[in-house]
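Subject: Structure handover

Hello,

Here is the structure I said I would pass on. Please open it next to this message; my notes follow below it.

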Amino acid sequence: MIKITGIELENPTILAAGIMGTTGASLARVAKEGAGAVVTKSIGPEPKEGHKNPSMIDLGYGFLNAMGLPNPSYPDFKNELAIAKKETDTPVIASIFGGTEEEFVDVAQGLLESNPDAFELNVSCPHALGYGASVGSNPDAVESITAAVKDAVDIPVWVKLTPNVTDIVTIGDAAQRGGADAVVAINTVKGMAIDIESGYPILGNRFGGLSGKAVKPVAIKCVYDLYTALDIPVIGVGGIYTWQDAIEMMMAGANAVQIGSAVHEGIEIFSSIATGIETFVAERGYKDITDIIGLAHERI
């Protein structure tokens, strides 16, 4: 058991946004497979079809995707969120996005009646024009959006940060100033792939976001830096495939870890990683899981 921003999780594994989070049934299924919490697909103010295919490719060392934030809009997602809440006791976090403070607030208030346990503000998607990182690379925008949502709701607000900036700590600090209860780091890293036979970019959107094993060192460093600078919890995400990866992320400073691309290998990964963490903590003689959070900062 671990508590983050007042929310109790059976274990520190969390389903990342955008992976099996499009329906209440799929969210409940992941929860029943052992996830400590689940995060929905990012939901916005209006329906979006997303980018044309190909929208995702397997590079062997990670995935490159340009989905473009496809979603049904918050009025049409409320029922799915309510289903997830009804079918599981596992905390359900609603990931939301918008282009302005007003849009973020509208979506948050619209989903409140379905009783999410927290909101995760997506200010970090690298391939949706006018949304995500277009907003999240501006510290003033991150601070004002976070503050606006915090003023509008009475549940915890997490802010998911983009690594596609010069200094992620500057953005994390802005989220903290805005009243964020926690930050989530990181979203995908900008990337591109080209077919050498035709010369065409492979993705329909030309470029996208890199996730999977390749980004883990980037995520570890971002979490380490944010833990040093902030007073609020950091939730780590990026390249978590094994319990060893999760331990490494927590030693960098993460209070919990989100798992995304690795779900491709099977949703039993949540219970597998949670068991591995528990065994590691017990065998190494730590009092509890909190003893390993930020441990790398003591090894200087």
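Strand S4 (residues 37–39) pairs with S7 in the parallel sense, over two bridges. A word on the source: this is a predicted model, in which local features need pLDDT of at least 70 and side-chain atom pairs count only at pLDDT 80 or more, while totals for chains, interfaces and linings use all residues. Residues are numbered from 1 along each chain as its sequence is written, and side-chain values use heavy atoms, with hydrogens and water left out.

On terms, helices (H or I, at least four residues) and strands (E, at least two) are DSSP runs, numbered from the N terminus. Two strands pair if DSSP finds at least two bridges between them. Axes are lines fitted to C-alpha atoms, for helices over the stretch in contact, and angles run from 0 to 180 degrees between N-to-C directions.

The barrel

S4 and S7 belong to a closed barrel of eight strands with parallel pairing, in the order S3-S4-S7-S8-S9-S10-S13-S14. From one strand to the next, the twist averages 25 degrees. Helix H1 (residues 24–32) packs on this sheet and touches strand S3 (13–15) and S4 (contact means heavy atoms within 4.5 Å). The direction of H1 makes about 150 degrees with that of S4.

Further along the barrel, strand S13 (residues 234–237) and strand S14 (residues 254–259) are joined in the parallel sense by four bridges. Ile235 has Ala256 of S14 as its bridge partner. Helix H8 (residues 243–252) packs on the sheet against S13 and S14, and its direction makes about 145 degrees with that of S14.

Strand S7

What is the burial of strand S7 (residues 92–96)? Five of its five residues are buried (under 20% relative accessible area; exposed is over 50% and partly exposed in between, with a 1.4 Å probe and protein chains only), so S7 is largely enclosed by the rest of the structure. In a regular strand, side chains alternate between the two faces of the sheet. In S7, Val92, Ala94 and Ile96 point one way, Ile93 and Ser95 point the other way, and all are buried.

Ile93 is the bridge partner of Val39. Ile93 also stands opposite Ala118 in S8. S7 runs parallel to strand S8 (residues 118–122), with four bridges between them. To get from S7 to S8, the chain passes through helix H3 (residues 101–111), and this β-α-β crossover is right-handed (with the strands pointing away from the viewer, the path from the first strand over the helix to the second runs clockwise).

Helix packing

H3 packs against helix H5 (residues 139–152) at an angle of about 30 degrees, with the axes 9 Å apart. That makes H3 roughly parallel to H5 (angles under 35 degrees count as roughly parallel, over 145 as roughly antiparallel, 65 to 115 as roughly perpendicular and the rest as oblique). The crossing of H3 and H5 is right-handed (the near helix is turned clockwise from the far one by less than a right angle; anticlockwise would be left-handed). On the H3 side the contact is made by Glu101, Phe104, Val105, Ala108 and Gln109, and on the H5 side by Ser144, Ile145, Ala148, Val149 and Ala152.

H5 also meets helix H6 (residues 168–177), where the axes come within 7 Å and cross at roughly 25 degrees. H5 is therefore roughly parallel to H6. This crossing is right-handed too. Pro139, Val142, Glu143 and Thr146 of H5 make the contact with Thr170, Ile171, Ala174, Ala175 and Arg177 of H6.

The open sheet

Four strands form an open sheet with antiparallel pairing, in the order S5-S6-S12-S11. Strand S5 (56–58) and strand S11 (189–192) are the edge strands, each pairing on one side only. The twist averages 35 degrees from one strand to the next. S5 pairs with strand S6 (residues 63–65) in the antiparallel sense over three bridges, and Met56 stands opposite Asn65 in S6.

Backbone points to look at

- Asn53 and Pro54 are joined by a cis peptide bond, with omega about -5 degrees; Pro54 is in the loop between S4 and S5.
- Ala185 and Ile186 are joined by a cis peptide bond, with omega about 15 degrees; Ile186 is in the loop between strand S10 (182–185) and S11.
- Met20, in the loop between S3 and H1, has a positive phi of about 55 degrees although it is not a glycine. At 26% relative accessibility, Met20 counts as partly exposed.

Regards
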